[in-house]
Amino acid sequence: MNQITDVVIDLDGVVYPFADAFKQYCVRNLHLNPKTLDYPTRWEFYEDWGMTRTEFDAHVLDATVNHGLYATMLPEYHADYAWQVIRELKLTLHIVTFRPPEAHHQTRRWLDDHKLTPDHLWFPTTSKGDVIKEIGGKSIAIEDNVDYALDMQRAGATAILRTQPWNSSCTELLRVDNLRSFAQVINHLTNEEYL
Ligand SMILES: [Mg+2]
């Protein structure tokens, strides 16, 4: 097999608990009752929280600009381990996120603060598949959005879903439950040709 050269990691729903951060914003700043804000089970979870798409987008922007939406939570538990494995294997680490451009500065700082600085931080405006093509090496990617994962797979990456309630029905892709398992898959694939 072709040796993996690059690791592509999504942030929200993989490294950063976006749903928990946004819920905190909704409770503190919109004064919504936390008992009515169930953990998302679908991509349009804001509808279950009583918001239209337009309202959701406006709240995300306000939360980003005025309340540090992307810098209030800790990283997912296994992020340190995954970074360590990727560094030891000397692979190039990319973060690729569709966060709004307003989140760029706090995203970079949050990654630095938690010692999760990547080699490259991408805020694509077209598709994640285009980023895979631009990287050009042999990439393995972790993602919680089925469409983005399939897009990267079509572009040549090995795309792995981070299991979340909103992607549980997808059977087309490999999946892992956390970043520790993802790191173990990388380790396995990287060492395979020496077995
Ligand atoms: Mg995501």
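# Exercises on a predicted model

Leaving aside neighbours within four places in sequence, Ala141 contacts Val8, Met152, Ala157, Ala159 and Ile160. The model behind these exercises is predicted.

## Exercise 1: Ala141 and the core

Task: Find which residues have the most contacts inside the largest nonpolar core, and state which domains supply this core.

Solution.
1. Start with the size. The largest nonpolar core holds 46 residues.
2. Rank by contacts inside the core. Val8, Ala141 and Met152 have the most.
3. Assign domains. The core takes at least three residues from each of domain 1 (6-16 + 74-193) and domain 2 (18-71).
4. Return to Ala141. Val8 and Met152 are both among its contacts beyond four places in sequence.

## Exercise 2: Strand β4

Task: Decide whether the residues of β4 are buried or exposed, and sort them by the way they point.

Solution.
1. Locate the strand. β4 covers residues 139-143.
2. Apply the cut-off: a residue is buried if 20 or more other C-beta atoms lie within 10 Å of its own.
3. Count. Five of the five residues of β4 are buried, so the strand is largely enclosed by the rest of the structure.
4. Sort. Ser139, Ala141 and Glu143 point one way. Ile140 and Ile142 point the other way.

## Exercise 3: The strands around β4 and β5

Task: Trace the pairing from β1 through β4 and β5 to β6, and state in which sense β5 and β6 pair.

Solution.
1. Begin at β1 (residues 6-9). Four bridges join β1 to β4, and the two run parallel. Val8 has Ala141 as its bridge partner in β4.
2. Move to β5 (residues 158-162). β4 and β5 also run parallel, joined by four bridges. Here Ile142 is partnered by Ile160 of β5.
3. Go on to β6 (residues 174-176). β5 and β6 pair in the parallel sense over three bridges. The bridge partner of Ile160 in β6 is Leu174.
4. Add the helix. β4, α7 (residues 146-154) and β5 form a right-handed β-α-β unit.
5. Check burial in β5. Five of its five residues are buried, so β5 is largely enclosed by the rest of the structure.
6. Sort β5 by direction. Thr158, Ile160 and Arg162 point one way, with Ala159 and Leu161 pointing the other.

## Exercise 4: The two domains

Task: State how far apart the C-alpha centres of domain 1 and domain 2 lie, then describe the contact.

Solution.
1. Set the bounds. Domain 1 is 6-16 + 74-193, and domain 2 is 18-71.
2. Take the separation. The C-alpha centres lie 23 Å apart.
3. Count the contact residues. Domain 1 gives 13 residues and domain 2 gives twelve residues.
4. Classify the side of domain 1 that touches domain 2. Its residues are six nonpolar, three polar and four charged.

## Exercise 5: Positive phi

Task: Explain what stands out in the phi of Lys90 and of Lys115, and say whether each is buried or exposed.

Solution.
1. Recall the background. Most residues other than glycine have a negative phi.
2. Read Lys90. Its phi is positive, about 60 degrees, although Lys90 is not a glycine.
3. Place Lys90. The residue sits in the loop between α4 (79-88) and β2 (92-96). Lys90 counts as exposed because it has 8 C-beta neighbours inside 10 Å.
4. Read Lys115. Its phi is also positive, at about 55 degrees, and Lys115 is not a glycine.
5. Place Lys115. The loop between α5 (104-113) and β3 (120-122) contains Lys115. With 11 C-beta neighbours inside 10 Å, Lys115 counts as exposed.

Note on methods. Residues numbered from 1 in each chain as written. Predicted model: local features only at pLDDT ≥ 70, side-chain atom pairs only at ≥ 80, totals over all residues. Core = buried A, V, L, I, M, F, W, Y, C linked by C-beta atoms within 7 Å. Buried ≥ 20, exposed ≤ 12 C-beta atoms within 10 Å, placed from the backbone. Domains from an automatic or database assignment. Contact = placed C-beta atoms within 7 Å. Pairing = 2+ DSSP bridges. Right-handed = clockwise from strand over helix to strand, strands pointing away. Nonpolar A, V, L, I, M, F, W, Y, C, P; charged D, E, K, R; others polar.
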